Amino acid sequence: MAISIFLPVRKGSERVKNKNTRKFSVFEGGLLELKLLQLKEVEGIEEIILSTNDEDCWKIGERFKNHIPNLRLEQRPEDLGRAETNLQDLIKHAGELSNSKDILWTHVTSPLFTAANYENAVKKYAKILKLEYDSLISGTKYRDFLIDKKTGRIVNNPGKLEWPRTQDLADWFEVDNAVFITSVENFRSGKRSGENPYLLEHDKVKSIDVDYEEDFLIAEAVYERIYR
């Protein structure tokens with residue numbers, strides 16, 4: 001497929017200091033270095049767009065340009081690199097940068113999501129477009145007790161029992177932020193998915209998302225256990 005990968009990395013992580021570039025396992029360039037190594041192996045990608053306003057991320061990207069011919073470095077405008085930036089504005093920006101028909105948006109914060117997983121997602125997207133779906137979102141099945149802090153009620157309880165068995169809870173889907181794929185037109189409208197997304201399930205290991213310090217430590221430990 002004619003598809004772009006959009007990889008946003010901004011300066012100034014608030015919850016995990018230097019999240020994108022601090023050493024992760026054996027990778028001195030951290031999560032960004034690992035992710036570029038993974039994306040390098042993904043076949044059939046028209047371009048990989050690294051969008052950043054971080055000097056360290058830019059330097060890491062420059063190191064990879066000779067090894068990844070389809071890697072593009074794009075300086076992110078400062079108004080799109082703040083913590084308070086409207087996500088829809090960045091999504092539109094991704095659509096404007098892309099030269100492809102479709103865009104796969106991913107993050108460095110999915111370190112256990114490998115090249116094979118990306119290739120599978122792209123192949124699945126090509127298939128589901130022939131059905132009633134218009135986009136793809138990756139995640140994991142969620143079936144555990146989810147309680148509303150205001151009411152104290154289990155919000156995913158479809159039955160009348162106050163405490164049902166976990167297997168009787170509603171089958172929910174937790175987005176893992178590893179993959180969003182849809183048309184460039186949707187991106188240019190500020191949407192990372194369409195009206196009818198296909199939900200691509202992965203196990204909890206593949207879906208680890210580094211959002212807090214403990215996530216970083218867990219992801220690093222799991223990575224070293226599996227891949228070293």
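A polar contact is a pair of N or O atoms within 3.5 Å; within protein, one must be able to donate a hydrogen and the other to accept it. The legends below describe close-up views of a predicted model.

**View 1. Asn 117 and its surroundings in helix α4.** Asn 117 belongs to helix α4, which spans residues 115-128. Its side chain makes a polar contact with the backbone nitrogen of Thr 114 at 2.9 Å, a distance that falls within the 3.5 Å limit. Asn 117 is classed as buried because its relative accessibility is 12%, and the cut-off for that class is under 20%. Apart from neighbours within four places in sequence, Asn 117 is in contact with Leu 112, His 202 and Lys 206.

**View 2. The buried face of helix α2.** Helix α2 comprises residues 55-64, and its buried residues are Cys 57, Ile 60, Gly 61 and Phe 64. Viewed down the axis of α2, these residues fall within an arc of 100°, so they line one face of the helix. An α-helix has 3.6 residues a turn, so residues three or four places apart point the same way. The cover over the buried residues of α2 includes strand β1 (3-9), helix α1 (30-40), strand β2 (47-52) and strand β3 (71-75). At the N-terminal end of α2, Asp 54 acts as a cap, with a side-chain oxygen 2.7 Å from the backbone nitrogen of Asp 56.

**View 3. The salt bridge between helices α1 and α2.** The side chains of Glu 33 and Arg 63 form a salt bridge, with an N to O distance of 3.8 Å. This pair links distant parts of the chain: Glu 33 is in helix α1 and Arg 63 is in helix α2, 30 residues apart. Glu 33 is buried, with a relative accessible area of 14%, whereas Arg 63 is partly exposed at 48%.

**View 4. The salt bridge between Lys 23 and Glu 28, with Ser 25.** Glu 28 pairs with Lys 23 in a salt bridge whose closest N and O atoms are 3.6 Å apart. Glu 28 counts as exposed at 58% relative accessibility, while Lys 23 is partly exposed, with a relative accessible area of 44%. Ser 25 lies in the loop between β1 and α1. Its relative accessible area is 6%, so Ser 25 is buried. The phi of Ser 25 is near 55°, a positive value in a residue other than glycine.

**View 5. Asn 177 in strand β6.** Asn 177 is part of strand β6, which covers residues 172-183. Phi is positive at this residue, which is not a glycine, with a value near 65°. Most residues other than glycine have a negative phi. Asn 177 is partly exposed, with a relative accessible area of 23%.

**View 6. The salt bridge between Arg 143 and Asp 171.** Arg 143 and Asp 171 form a salt bridge in which the closest N and O atoms are 3.6 Å apart. The pair joins distant parts of the chain, 28 residues apart, and both Arg 143 and Asp 171 are in the loop between β5 (135-142) and β6. Arg 143 is partly exposed at 36% relative accessibility, and Asp 171 is likewise partly exposed at 45%.

**View 7. The salt-bridge network of Glu 47, Arg 72 and Glu 74.** Glu 47, Arg 72 and Glu 74 are joined into one network by salt bridges that share partners. The structure as a whole holds 11 salt bridges.

**View 8. The nonpolar surface patch that includes Tyr 227.** Val 205, Ile 226 and Tyr 227 form a nonpolar patch on the surface, and together they have about 240 Å² of accessible area. Tyr 227 is located in helix α6, residues 213-227. With a relative accessible area of 37%, Tyr 227 is partly exposed.

**View 9. Glu 96 and Glu 185.** Glu 96 is found in helix α3, which runs over residues 87-97. At 58% relative accessibility, Glu 96 counts as exposed. Its C-alpha atom and that of Glu 185 are separated by 9.4 Å, although these residues are 89 residues apart along the chain.

How values were computed
Residues numbered from 1 in each chain as written. Predicted model: local features only at pLDDT ≥ 70, side-chain atom pairs only at ≥ 80, totals over all residues. Heavy atoms only, no water. Buried < 20%, exposed > 50% of the residue type's maximum accessible area, 1.4 Å probe, protein only. Helix = DSSP H or I, 4+ residues; strand = E, 2+ residues; numbered from the N terminus. Arc of directions from axis to C-beta. Contact = heavy atoms within 4.5 Å. Patch = residues over 30% accessible without salt bridge, like charges linked within 9 Å, V, L, I, M, F, W, Y side chains within 5 Å. Areas by Shrake-Rupley, 256 points an atom, 1.4 Å probe, with all protein chains shown as cover. Salt bridge = Lys/Arg side-chain N within 4 Å of Asp/Glu carboxyl O.
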